[in-house]
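Let's take a walk through this fold together, one piece at a time. Keep the viewer open and turn the model as you read.

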Amino acid sequence: MSETTENKEKLEEVTEPTNEEVAEKDIEQSEQLSVEEELQAKIQELEAKLEEEENRFLRLRADFDNLRRRSQLDREAAEKYRAQKLLTDLLPVLDNLERALQVEVASEDAVSLYKGIEMVYRTFIEATKQEGLEAIAAEGVAFDPTVHQAVMQESNSDKESGIVLRELQKGYKLKDRVIRPSMVSVNE
């Protein structure tokens, strides 16, 4: 064969693929597409899992931060109100000292006893104030159910309705927490 016929045959081979070659190329292309589709699906699945895990991580982190914040607040409250139980137990002692100071004394011995009780009372009041205990104002103020406990109603036309007329038992707050409300008589 001559060179030109060989070149023609080669050109024909190159330019005209056989049915088998076309089928093989289609199969290869479809395999490549299906592999690409599988990879795309796998990528999407992994991205969805990643997003789900990120959300889970963020929720866990928020829960942890909330727990830490609550623990800190609990510790602060425990420190702030550490003396509450003791002060609550000592309130009847404080009431009895106040009652003892209301007694009128005449004899010289009673006066010296009165002065001793008064000194103990003042020291006691100073110690409780340093811990944050304070008496709740009652007489002459408007009734406040958060700090007052109404046990009686009286009628006094000189004062407005809802004003505390008498304090029957002192109430106390420890810092901003009421540990015993004032027992009061309220004007109708």
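## Strands, a helix and a pocket

Three bridges link strand 4, residues 172-174, to strand 5, and the two strands run antiparallel. Keep in mind as you look that this is a predicted model. Within this pair, Lys173 sits opposite Val178 of strand 5. The two strands make a hairpin with two residues between them. In its turn you will find Lys175, whose phi is positive, at about 60°.

Now step back to the sheet that this hairpin belongs to. It is an open sheet of three strands in the order 1-4-5, and the pairing is antiparallel. Strand 1 (133-135) and strand 5 (177-180) stand at the edges, and each has a single partner strand, so one side of each is left without a neighbour in the sheet. From one strand to the next, the twist averages 35°. Helix 3, residues 84-102, packs on this sheet and touches strand 1, strand 4 and strand 5. The direction of helix 3 makes about 50° with that of strand 5.

As a reminder for reading any such picture, strands of a sheet pair through backbone hydrogen bonds, either parallel or antiparallel.

With that in mind, turn to another open sheet, in which three strands follow the order 2-6-3 and the pairing is mixed. Its edge strands are strand 2 (148-154) and strand 3, each of which pairs on one side only. Neighbouring strands here are turned by 30° against each other on average, with direction ignored. Strand 2 is joined to strand 6, residues 182-187, by six bridges, and these two run parallel. To find your place along strand 6, look for Val184, which has Ala150 opposite.

Next comes the largest pocket. How much space lies in the largest pocket? The volume is about 220 Å³. Its lining is made up of Asp95, Glu98, Arg99, Gln102, Glu167, Leu168, Gln169, Lys170 and Arg180. Helix 3, already met packing on the 1-4-5 sheet, gives the most to this lining, with four residues. Both helix 3 and strand 3 (164-169) supply at least two residues of the lining.

Finally, have a look at the aromatic rings. Where does Arg177 lie relative to Tyr81? Arg177 lies over the face of the Tyr81 ring, at 3.7 Å from the ring centre. As for rings pairing with each other, with a cut-off of 6.5 Å between ring centres, the count of aromatic pairs is zero.

Methods:
Residues numbered from 1 in each chain as written. Predicted model: local features only at pLDDT ≥ 70, side-chain atom pairs only at ≥ 80, totals over all residues. Heavy atoms only, no water. Pairing = 2+ DSSP bridges. Axes fitted to C-alpha atoms, helices over the stretch in contact; angles between N-to-C directions. Contact = heavy atoms within 4.5 Å. Phe/Tyr/Trp six-rings, centres within 6.5 Å; stacked < 30°, edge-to-face > 60°. Lys NZ or Arg CZ within 6 Å of the ring centre and 35° of its normal. 1 Å grid on protein atoms, 1.4 Å probe; cavity = no way out; pocket = protein on both sides within 12 Å on 5 of 7 lines; lining within 4 Å. Points joined across faces, edges and corners; volume = space filled by probe spheres on them.
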